[in-house]
Amino acid sequence: MSTESTSVTDAPSAVSPPRSTSAKNPARRRSGGSVWWRHGLGIVALIWALFPILFLISAAFNPAGTLNSAELIPKSFSLTNFDTLFNDPARPFTTWFKNSMLVAFIGASGQVFIGACAAYAFSRMRFKGRRAGLLSLLLLQMFPAVLTFVALYLMFAKISDIVPAFGLNTVLGLGLVYLGGAMGANVWLLKGYFDTVPRELDEAAKVDGASHARIFFTMILRLTMPILVTTFMISFIGLFSEFLLASIFLQDVNSQTVGVGLYSMSIGNEANRLFGQFAAGALLCSIPVVAIYLAVQKQIVGGLTTGSVK
Amino acid sequence: MSQATKTPPAPVSSPADHDSPKPPLWAVIVKWAALALVVIAAFYLATRLADEGYTLYIVILAFVVMAVLAVYSTRRNIPMKYLLPGLILLLGLQVWPIIMTVSTAFTNGQTITKSETIAAIERNSVQEVQGSPRYNLSIAVKEGDDVATGKLFFLLTGPDGALKVGDEKGLSDLPADGVVKTDSGKITKAPGYTILNARQVNDRKDLATFAVPTGDGTGIKAVGLSAAFEGRATITYDEASDTLKNTVTGQVYVVKDARFVPKDGQGQAFPQKWKENVGFKNFQTILTDASIRAGFLKIFSWNLAFAALSVITTFILGMLLALLFNDERLKGKGFYRALLVLPYAIPTFVTSLLWKSMFNQDYGLINSLTHLDVDWLGNAWAAKAAILITNLWLGFPYMFLITTGALQSIPSDVREAAKIDGAGPARTLRSIIMPLLLVAVGPLLIASFAFNFNNFSLIYLLTGGGPFDSSNTSIGNTDLLITYAFRLAFSGTSPNYGLAAAVSILIFFIVAIMSYAGFRRTAALEEVN
């Protein structure tokens, strides 16, 4: 068997022979039909994965707009639900959407910037407490931030009195909370990537008279842009979907995020009537997240597996 | 002062420190402008803190500002320049809440202090003093504040036409500039204030207990929407005996369980409770109170089962699909993969709420497709099944992705060696692929377990922890510890922050013990160099 086969990216399953000899291998012919059952099962898997999404889309375009009239396969098409969605003063979807975007943007950009600063220090500088700092950041991540929701709520109830702009019911306040874990959340991932940027580049810039700040802002940040963009998008998706803290911080209907708002539409007696409107909103707010996700899917998978597959 | 400048840890000087080059002028200007902004913001915060009486926090704020100045105004401490913002946020918004959670767990979970409680009771008991003046009243909040939650102000016109403004601290003169009054003297417009309309006033439940203190035991209270009177507190506090006394009826109230109750047991106690340390009582309650303990064990076992079954089912489905598509001859793998990860890409709240609708007994898609009539969300076991099905749907793509990655990293010479040794496909899978796969994804499975253990949004949005048994309405059949703690804190008439915090801490220990195994397996701890 040739050594070439070790570089095959789509590793063959146990039954298939290596690529280099596959063309004339009798084993290929023996299991030649097996691809079709794979397709068959693949289609079953697709049905399982997609039927709820199909239902969501069909409900969003269903003219009747109620849960009992919603069907898996759409029979008619109308934009009534979207129309109601954008013109319902009691449920300001556009405001919710804006709030979600804003809080996720503030949180994610802050997380990435603070994470990048910390990663730069941990990757490029040697100082007392560096190892201890890195390890304590890792340990702190073990205490899930959601568990402190009681304390955070009580704390921001007080902040509401002192600086109302950052208190409960404000997007800024929630964004601030999301920054609490900024340093710990991504620093390990970022530091790993920063370490791969050759130190010689820094040294050369330093010899040329660049300050540490200049090296960081004009060189390191540019060289690590791919991981920064990926981290930003992962954080963005996570914060866009965050529900627990958003639901206790944002009680006022105009300050809510899209998740909290859609939840309020799905409870109570009106849930059935509002289902079409809900589906339209759910569909609209899924689109940007899915788009981001598909754009960075490769890097996310890479990030998920690099830590473990070694 | 000199102490504070030493607070940031002194760094070991890096070679660039002594002869680092001069930064450009604009950078220097930006830096000092930013520092000036920090100082101004801190100054504003300090005045606000002083207004509200949080002296301790002013000291903390001063330390933070000095740390910022010490780090950024000198050319030393270069690592700290990059770590300080994150560190401040980390300490303030993650470490401090953890400390507060721990300390709340040892209290009865009330938020106001005893002296605040006494002050509120005294203010509340104000009754009109015979012959005292009546004021024309407008109720307002500061301009820009939320009318529903902003701090209340009384804009008053005295019988002599004098303009006053009062808040919970006391009375002061209102500048007459720009103030508009009706003929009867009621203020309709005042610069810097937003005057509430009748509906907004009615929505302010805190108005009933609001009074402007004017002196020893007297205060101004609202009667209706547009009048106020000066009155005298009928209840006074006696510090020596730690009792409240109603000066009209002579009733004496004594302290019991962090509230005032009538000494003779006749009549009603005051509803206000204050914060009190209770030691390990909250933990003791969880472990010994018969109904809570039984419920806690029930929640705990379902919590474990939910997390374990979620990981197992999603992993098995994800792995089978990864094996299915892990065949180089299969065309269109990219197409399958892109579509199969969609459930994972959709926001969790959408997934949970969508499946909640699909599980609706009467109109839901699941019952109509399968021609069943299962009360998915109303039956304890069906609800558990519904949750696991939903979590399977939204979780299998993740497992599919990571096992695909791990399968591709298994070197093919290992398989070939197995084949040469005569192992069939099944044997290769069982003895070669699976062990290697599990080593690779093991830590991720543990992380997934820890995540699902606290999977608040799925449960909260799908079942809300329910269905609830009629015998115990505080503990639902699909409650996780975290949704239970959430309900303790944020629903019902008497929030029990103390017990909720205690449950949070127990969750932490449980998760920490279980994650410990995971951390031991990963090499992360050794990799710091």
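**Salt bridges, buried helices and a chain interface in a predicted model**

The side chains of B:Asp173 and B:Lys164 form a salt bridge, with N and O 3.0 Å apart. The model is predicted, and every value here is computed from it. B:Asp173 is exposed, at 56% relative accessible area. Its partner B:Lys164 is partly exposed, at 26%. Over all chains, the count of salt bridges comes to 7.

Another of these pairs sits in chain A. A:Lys191 makes a salt bridge with A:Asp195, and their closest N and O atoms are 3.0 Å apart. Both residues belong to helix 9 (residues 182-196) of chain A. They are 4 residues apart, so about one helical turn separates them. In an α-helix there are 3.6 residues a turn, so residues three or four places apart point the same way. The two partners differ in burial. A:Lys191 has a relative accessible area of 8% and is buried. The cut-off for buried is under 20%, and A:Asp195, at 39%, counts as partly exposed.

A salt bridge within a helix also occurs in chain B. There the side chains of B:Asp51 and B:Arg48 meet at 3.3 Å, N to O. The pair lies in helix 2 (residues 25-52) of chain B. The spacing is 3 residues, which again means about one helical turn. B:Arg48 is buried, with a relative accessible area of 18%. B:Asp51 is partly exposed, with 46%.

Chain A as a whole was examined next. Its secondary structure consists of 15 helices and 0 strands. Chain A has 310 residues, and 55% of them are buried. Its accessible surface is about 13600 Å². Carbon and sulfur atoms supply 65% of that surface. Contacts were then sorted by distance along the sequence. Among contacts in chain A with a separation of 6 or more, 70% join residues 24 or more positions apart.

Chain A also meets chain B. In this interface, 118 residues of chain A are in contact with 115 residues of chain B. The two chains bury about 10600 Å² between them, and 74% of this area is on carbon and sulfur atoms. Helix 3 (residues 34-60) of chain A gives the most to chain A's side of the interface, with 18 residues. By class, that side has 80 nonpolar, 26 polar and 12 charged residues. How many salt bridges cross between chain A and chain B? The rule finds 0 across this interface. Polar contacts do occur there, with 11 residue pairs counted between the chains, both residues at pLDDT 80 or more.

Within chain B, helix 11 (residues 348-358) stands out for its burial. Of its 11 residues, 9 are buried, so the helix is largely enclosed by the rest of the structure. The buried residues of helix 11 are B:Phe349, B:Val350, B:Thr351, B:Ser352, B:Leu353, B:Leu354, B:Trp355, B:Ser357 and B:Met358.

Two single buried residues of chain B were also examined. B:Ile459 lies in helix 16 (residues 456-462) of chain B. Its relative accessibility is 0%, so it counts as buried. Leaving aside residues up to four places away in sequence, B:Ile459 touches B:Phe306, B:Ile387, B:Gly464, B:Gly465, B:Thr478, B:Leu480 and B:Thr483. One of these, B:Leu480, is 21 residues from B:Ile459 in sequence, and the two C-alpha atoms are 7.6 Å apart. The second residue, B:Ser310, is found in helix 8 (residues 290-325) of chain B. At 1% relative accessibility, B:Ser310 is buried. With residues up to four places away in sequence again left out, B:Ser310 touches B:Ala305, B:Leu388, B:Asn391 and B:Asn452.

Loops supply two cases of positive phi. In chain A, phi of A:Asn169 is near 65 degrees, a positive value in a residue other than glycine. A:Asn169 sits in the loop between helix 7 (149-162) and helix 8 (171-179) of chain A. With a relative accessible area of 22%, A:Asn169 is partly exposed. In chain B, B:His371 also has a positive phi without being glycine, with a value near 55 degrees. B:His371 occupies the loop between helix 12 (365-370) and helix 13 (380-408) of chain B. Is B:His371 buried or exposed? B:His371 is exposed, with a relative accessible area of 72%.

Conventions:
Residues numbered from 1 in each chain as written. Chains lettered and ligands numbered in written order. Heavy atoms only, no water. Buried < 20%, exposed > 50% of the residue type's maximum accessible area, 1.4 Å probe, protein only. Contact = heavy atoms within 4.5 Å. Areas by Shrake-Rupley, 256 points an atom, 1.4 Å probe, with all protein chains shown as cover. Buried area = accessible area lost by both parts, 1.4 Å probe. Salt bridge = Lys/Arg side-chain N within 4 Å of Asp/Glu carboxyl O. Polar contact = N/O pair within 3.5 Å; in protein donor to acceptor, adjacent residues only side chain to side chain. Nonpolar A, V, L, I, M, F, W, Y, C, P; charged D, E, K, R; others polar.
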